[in-house]
Amino acid sequence: IMDHEPLPVLELVACPGLAVFGEKDPFVDPAENAGRMEAALRTSSRDVSLMIVPGAGHCLEPAGETGGFAEGALAALDAWIEVRTSR
């Protein structure tokens, strides 16, 4: 998994895409990866959103905690899905 390069695969995604990052993710730095992922998704899709969840770790949990979700994470995901499924 650590040597997998996801960008060529993401460039083929034509459906709406949402890239979600935890602001305090110790494994995937949003500053380094968010723009690259967004650009790759925009190659084939016009509906691409980027979300960085404040205070969240890798699994969108509050940074430094185990379990649960950072404040606002689920509401933001729900809103994104609602817009795209209620058309």
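Let's start at Pro-30, which sits in helix 2; helices here are DSSP runs of H or I with at least four residues, strands are DSSP runs of E with at least two, and both are numbered from the N terminus. With a relative accessibility of 8%, Pro-30 counts as buried. That word means under 20% relative accessible area, while exposed means over 50% and partly exposed is what falls in between, using a 1.4 Å probe and protein chains only. Leaving out neighbours within four places in sequence, Pro-30 is in contact with Phe-21, Gly-22, Glu-23 and Ile-52, where contact means heavy atoms within 4.5 Å. Its C-alpha atom is 9.9 Å from that of Val-53, a residue 23 places away along the chain.

Before going further, keep in mind that this is a predicted model, in which local features need pLDDT of at least 70 and side-chain atom pairs count only at pLDDT 80 or more, while totals for chains, interfaces and linings use all residues. Residues are numbered from 1 along each chain as its sequence is written, and side-chain values use heavy atoms, with hydrogens and water left out.

Now step back to the whole protein. You'll find three helices and two strands, and reading along the sequence gives the pattern α-β-α-β-α. The C-alpha trace spans about 40 × 35 × 20 Å along its principal axes. Of the 87 residues, 28% are buried. Take the contacts between residues at least 6 apart in sequence: 64% of them join residues at least 24 apart.

What does the inside look like? The largest nonpolar core has eight residues: Leu-7, Leu-10, Ala-19, Phe-21, Ala-34, Ala-40, Leu-41 and Val-48. A nonpolar core, by the way, is a set of buried Ala, Val, Leu, Ile, Met, Phe, Trp, Tyr and Cys residues joined through side-chain atoms within 4.5 Å. Helix 1 (7-10), strand 1 (17-22) and helix 2 (30-42) each supply at least two residues of this core, and helix 2 gives the most, with three. Apart from this core lies another one, of six residues, including Met-51, Val-53, Ala-70 and Ala-73. In soluble globular proteins, nonpolar side chains tend to be buried together. For a view from a single core residue, try Ala-19: not counting neighbours within four places in sequence, Ala-19 is in contact with Met-37, Leu-41, Ser-49, Leu-50 and Met-51.

Next, follow the chain out of helix 2. The loop between helix 2 and strand 2 (48-53) holds Asp-47, and Ser-45 is found in that loop too. Ser-45 is buried, at 4% relative accessibility, and Asp-47 is buried as well, with a relative accessible area of 19%. The side chain of Ser-45 reaches the backbone nitrogen of Asp-47 at 3.2 Å. A polar atom of the Ser-45 side chain also lies 3.0 Å from the backbone oxygen of Cys-15. Besides Cys-15, the contacts of Ser-45 beyond four places in sequence include Val-13, Ala-14, Pro-16 and Gly-17. As for Asp-47, its side chain makes a polar contact with the side chain of Arg-84 (3.0 Å). A polar contact is a pair of N or O atoms within 3.5 Å; within protein, one must be able to donate a hydrogen and the other to accept it, and residues adjacent in sequence count only if both atoms are side-chain atoms.

Further along comes the loop between strand 2 and helix 3 (73-85), where you'll meet Leu-60. Leu-60 has a positive phi of about 65° although it is not a glycine. Is Leu-60 buried or exposed? Leu-60 is buried, with a relative accessible area of 12%. Ala-63 has its place in the loop between strand 2 and helix 3 as well, but Ala-63 is partly exposed, at 32% relative accessible area. Not counting residues up to four places away in sequence, Ala-63 touches Lys-24, Gly-55, Ala-56 and Gly-57. The C-alpha atoms of Ala-63 and Ser-86 are 32 Å apart, with their positions 23 residues apart along the chain.

One last stop is Pro-26, in the loop between strand 1 and helix 2. Pro-26 counts as exposed, at 62% relative accessibility. Pro-26 and Gly-64 are 38 residues apart in sequence and 9.9 Å apart in space, C-alpha to C-alpha.
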